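Student: Could you take me through one part of this chain slowly, and then show me what else is worth a look? I'm new to reading structures.

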Amino acid sequence: MKLSKFKFNLPQELIALHPANNRDEARLIVVHRDTSEIEHKVFKDILNYYNEKDVFIFNNTKVFPARLYGNKEKTGARIEVFLLRELNQELRLWDVLVDPARKIRIGNKLYFGEDDSMVAEVIDNTTSRGRTLRFLYDGSHEDFKKSLYALGETLLPKYIDRPVEGEDKARYQNIFATEEGAVVAPAAGLHFSRELMKRLEIKDCRFAFLTLHSGLGNFRKIDVEDLTKHKMDSEQMVVNAEVVRTVNEAKDAGCQICAVGTSVMRAVETAVSTDGHLKEFEGWTNKFIFPPYDFSVATSMVTNFHLPLSTLLMMTASFGGYDLIMEAYEVAIKEKYRFGVYGDAMLII
């Protein structure tokens, strides 16, 4: 499968810059893999496609404010820092990206906040753009994180070309997000409101929550035509015993299992055993799913409309079938569905 197969013309005005007024009232295309039928619905209609004991697998990762603006010592040059992950609590070590990277050397100090209240020292070069920072902070770890995040800003994808606004703090976060560590919000879960979750519960659908900390790699450009040569960034994930039990019971009972989002699908396919059942997993995954691919666990999938040439589109096409998904995308563009993390949704069933 070649990269160029996932190129299509997406009008700029179809990229959603703001979320729908209500989470569960985004538009929904339903794609039936068995009949190739394509339906047009509202997201809360998803309720009609599931029955008692069917399982929804969600990603409960929580987005933290990962963008910081600081100044370099002596020169005062403005530096943009993207927090990627905490490496060591005790030493206050963080893996970060810096921009412009050429201005930052090992030993440089960076100052953050209006009163330079937070100071960090560059102690290592991890990649051409990446660095390891040691934050110089004397208080407790809890106070340090509060101070650090108070200086931070939500990191919206670059295609959302506007300043971060007040609505983003709440809406760029799933309502069930509990496990801090994501730089990027798992977009498919953003459509689930408390009311919709309650209605699914009343219908006796089951919920399973795994954790995959979505990173900036989701938006990194692929620079090879041969997809077998592309390497995904690693992301940290946890699939615990409760998730395993809930999903495997549903599988053995012949119930539907819905993967809510590409991050969930990646995690599930990372943690699947040779007999097609889920197993416990704690570690890292760099699994890259593109057509053709045989899925082992999920029987359906919720996902957003993704941008051209993206790994997210490739995984969606793997699950729904390349021809059918690309046809659905043509329909979505014709019908002016909204694309991106704040856009409309697709149910593949």
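How many bridges join strand β9 (residues 118-125) to β10, and do they run parallel or antiparallel?

Tutor: Six bridges join β9 to β10, and the two strands run antiparallel. Before we go on, a word on what you're looking at: this is a predicted model, where local features need pLDDT of at least 70, side-chain atom pairs count only at pLDDT 80 or more, and totals for chains, interfaces and linings use all residues. Residues are numbered from 1 along each chain as its sequence is written, and side-chain values use heavy atoms, with hydrogens and water left out.

Two bits of vocabulary help here. Strands (E, at least two residues) and helices (H or I, at least four) are DSSP runs, numbered from the N terminus. Two strands pair if DSSP finds at least two bridges between them.

Now back to β10. β7 is also joined to β10, by five bridges, and again the direction is antiparallel. Find R131 in β10: V96 stands opposite R131, and R131 is the bridge partner of N125 too. As for its surroundings, five of the seven residues of β10 (residues 130-136) are buried (under 20% relative accessible area, with exposed meaning over 50%, partly exposed in between, using a 1.4 Å probe and protein chains only). That's why we can call β10 largely enclosed by the rest of the structure.

For another strand with partners, try β13 (residues 235-239). E235, M237 and V239 make up its covered face, while Q236 and V238 make up the uncovered one. β12 joins β13 through two bridges, antiparallel, and L212 stands opposite M237. β13 also pairs with β15, over five antiparallel bridges, where Q236 has W284 as its bridge partner.

Next, the backbone oddities. Most residues other than glycine have a negative phi, and most peptide bonds are trans. Against that, K74 isn't a glycine, yet its phi is positive, about 70 degrees. You'll find K74 in the loop between β5 (67-72) and β6 (78-88), and at 84% relative accessibility K74 counts as exposed. D204 also has a positive phi of about 70 degrees without being a glycine. D204 sits in the loop between α3 (194-202) and β12 (206-212), and its 28% relative accessibility makes it partly exposed.

That loop between α3 and β12 also holds C205. With 6% relative accessibility, C205 counts as buried. Its contacts (heavy atoms within 4.5 Å), not counting residues up to four places away in sequence, are Y50, N51, K53, D54, F56 and L200. Take N51: it is 154 residues from C205 along the chain, but their C-alpha atoms are separated by 6.4 Å.

Finally, the cis peptide bonds. One runs from D99 to P100, with omega near 0 degrees, and P100 lies in the loop between β7 (93-99) and β8 (109-112). Another joins P291 and P292, with omega about -10 degrees. P292 belongs to the loop between β15 (281-285) and β16 (300-304).
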